[in-house]
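Student: Please take a close look at a single part of this model, its strand pairing. Then go on to the helices and loops around it, with the cut-offs behind each term.

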Amino acid sequence: MSASVPRLVIAAPSSGSGKTTVATGLMAAFAARGLAVSPHKVGPDYIDPGYHALATGRVGRNLDAYLCGPELVGPLFLHGAQGCDIAVVEGVMGLYDGAAGEGELASTAHVAKLLGAPVVLVVDASSQSRSVAALVHGFASWDPQVRVGGVILNKVASDRHEELLREALDQAGVPVLGALRRAAQVSTPSRHLGLVPVAERQGAAVEAVAAMAAQVVDGCDLGALEALARAAGAVPGGSAPWTPASPAHHPTRSDEADEQRAPVVAVAGGPAFTFSYAEHTELLAAAGADVVTFDPLRDEELPGGTAGLVIGGGFPEVYASELSANEPLRKAVAELAGSGAPVAAECAGLLYLCRELDGLPMCGVLDAGARMTERLTLGYRDAVAVGDSVLAAAGTRMRGHEFHRTAVEPGSGAEPAWGVRGPRPRVEGFVQRGVHASYLHTHWASEPGVARRFVERCRTS
């Protein structure tokens, strides 16, 4: 695949400006034109990529310079964009907002520079007219390495309002590529951790994405946006696409034997467990696993022959009663963990393995209780494996993020999963026999050995 895949980054001055509406609508609009669209999201967010996938028919992928390191942003982008005609990258927060205390690291601007991609700034114009020019000029001139190639005005009140905005922006020297009217039908419901995931509202989500696409088609110059994307040039640095296969891996006779007995790794899915990076299952499969998805809300048994279990993030607190009511599966999970089989659980998975969640029985693998709280825990984390586990050897350093409104008591076991570095160092999570359970979300592409180690433990446990 050519490293000059056409691409756009959709950014904004701040959260709530309409990035998701414009990015998702633009993806769907390009797809409706017959283009193969590669969808991407800056940052660790799991929810927006679900809407991107619905708009494009392709897996939504994340580009996070903190979790994976700046050097992997280009390769991961090219991996996701293979075979595509155009790529649309939705930004995170405001254009220049990155990891706290880390300068530009992991900001939309940082990722745009790493990709050499033009930026389209989505501006909420609902409470301004001429001032929009000063706003856009400031964002366009702040970092000369960030190319703001155009503006899309959102929440425009009327034709007259649009006229005033365009007149002002003529002086800023940044072209207006679209103007969208206020439209309630494109809004998506939110709750304590952001938008409601696609898996929980399939029909309504399809309608919302269609409305986003219609609004973008009506209000944007798709030809100009596509032309801007095609002018991006090559991705800087001569990046080659990332691959889940180990570069040091050379098939041998023993490898062929292992393939004949590929261990089944069950991965939790369904509405309660929607948080997962696509690269995780790709890495597991590349390491030789037979990856099978199951739904803890509906399936009363683990997939046949399960040798290992991966339970990612999501919203078990929303489905606590249904998860608790599925007693056969809870017992099956507890038996698998009790056998010493590898179990990797992140955030929602941690809650599911606890003794109880908000007073309702869960799997009881961990002697800990979980409950909802009013406090949002959110942020990047720099962590080190405290001891050996099915995921990592002691001393392995990984970066992750936390994103939850729950608490687990106690917060760590006799053998913690991670030591979190920083101004307030602490330990968190649980390692017991084959179980690794933690609040920390990690991106395994940053440390492919995690998946290989897990699958090897599945073979030998």
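**Strand pairing and its surroundings**

Tutor: Ala383 stands opposite Val420 in β18. The model is predicted, so local features need pLDDT of at least 70 and side-chain atom pairs count only at pLDDT 80 or more, while totals for chains, interfaces and linings use all residues. Residues are numbered from 1 along each chain as its sequence is written, and side-chain values use heavy atoms, without hydrogens and water.

The pair just named belongs to β16 and strand β18 (residues 418–420), which run antiparallel and share three bridges. Strands are DSSP runs of E with at least two residues, helices are runs of H or I with at least four, and both are numbered from the N terminus. Two strands pair if DSSP finds at least two bridges between them. β16 is also joined to strand β17 (residues 397–409), in the antiparallel sense and by 12 bridges; in that pairing Met372 faces Thr406 of β17. With strand β14 (residues 356–357), β16 (residues 369–385) pairs in the parallel sense over two bridges, and there Glu356 stands opposite Gly369 of β16. Strands of a sheet pair through backbone hydrogen bonds, in either of the two senses.

The loop between β17 and β18 holds Pro410. The peptide bond leading into Pro410 from Glu409 is cis, with omega near -5 degrees. Most peptide bonds are trans, and most residues other than glycine have a negative phi. Arg433 departs from the latter, with phi near 55 degrees; this residue lies in the loop between β20 (430–432) and β21 (435–438). Because its relative accessibility is 62%, Arg433 counts as exposed. The classes are buried under 20% relative accessible area, exposed over 50% and partly exposed in between, from a 1.4 Å probe on protein chains only. Met93, likewise not a glycine, has a positive phi of about 50 degrees. Met93 sits in the loop between β4 and α4 (108–115) and is partly exposed because its relative accessibility is 37%.

The second sheet to consider is open and has seven strands, ordered β3-β2-β4-β1-β5-β6-β7 with parallel pairing. Its edges are β3 (61–63) and β7, each with a single partner strand, so one side of each has no neighbour in the sheet. On average, neighbouring strands of this sheet are turned by 25 degrees against each other, direction ignored. At one edge, strand β2 (residues 37–42) and β3 pair in the parallel sense over three bridges, with Val42 opposite Leu63 of β3.

Two helices can be placed against this sheet. α5 lies across β5 (119–124) and β6, at about 150 degrees to β5. α6 packs on the sheet and touches β6 and β7, its direction making about 155 degrees with that of β6. Contact means heavy atoms within 4.5 Å. The angles run from 0 to 180 degrees between N-to-C directions, with axes as lines fitted to C-alpha atoms, for helices over the stretch in contact.

Helix α6 (residues 159–170) has buried residues at His161, Glu162, Leu165, Ala168 and Leu169. These residues cover an arc of only 130 degrees around the axis, so they are on the same side of α6; the arc is taken from the directions from the helix axis to the C-beta atoms. The buried residues pack against α5 (131–142), β6 (148–156) and β7 (176–181). Asp159 and Asp170, on the other side of α6, are exposed.

Asp85 lies in the loop between α3 and β4 (86–90). At 33% relative accessibility, this residue counts as partly exposed. Beyond its neighbours within four places in sequence, Asp85 is in contact with Pro6, Gly34, Leu35, Ala36 and Arg230. Asp85 and Ala211 are 126 residues apart in sequence, and their C-alpha atoms are 23 Å apart.

In helix α3 (residues 70–81) is His79, which counts as buried because its relative accessibility is 13%. Apart from neighbours within four places in sequence, the contacts of His79 are Arg61, Pro241, Trp242, Pro244 and Glu282.
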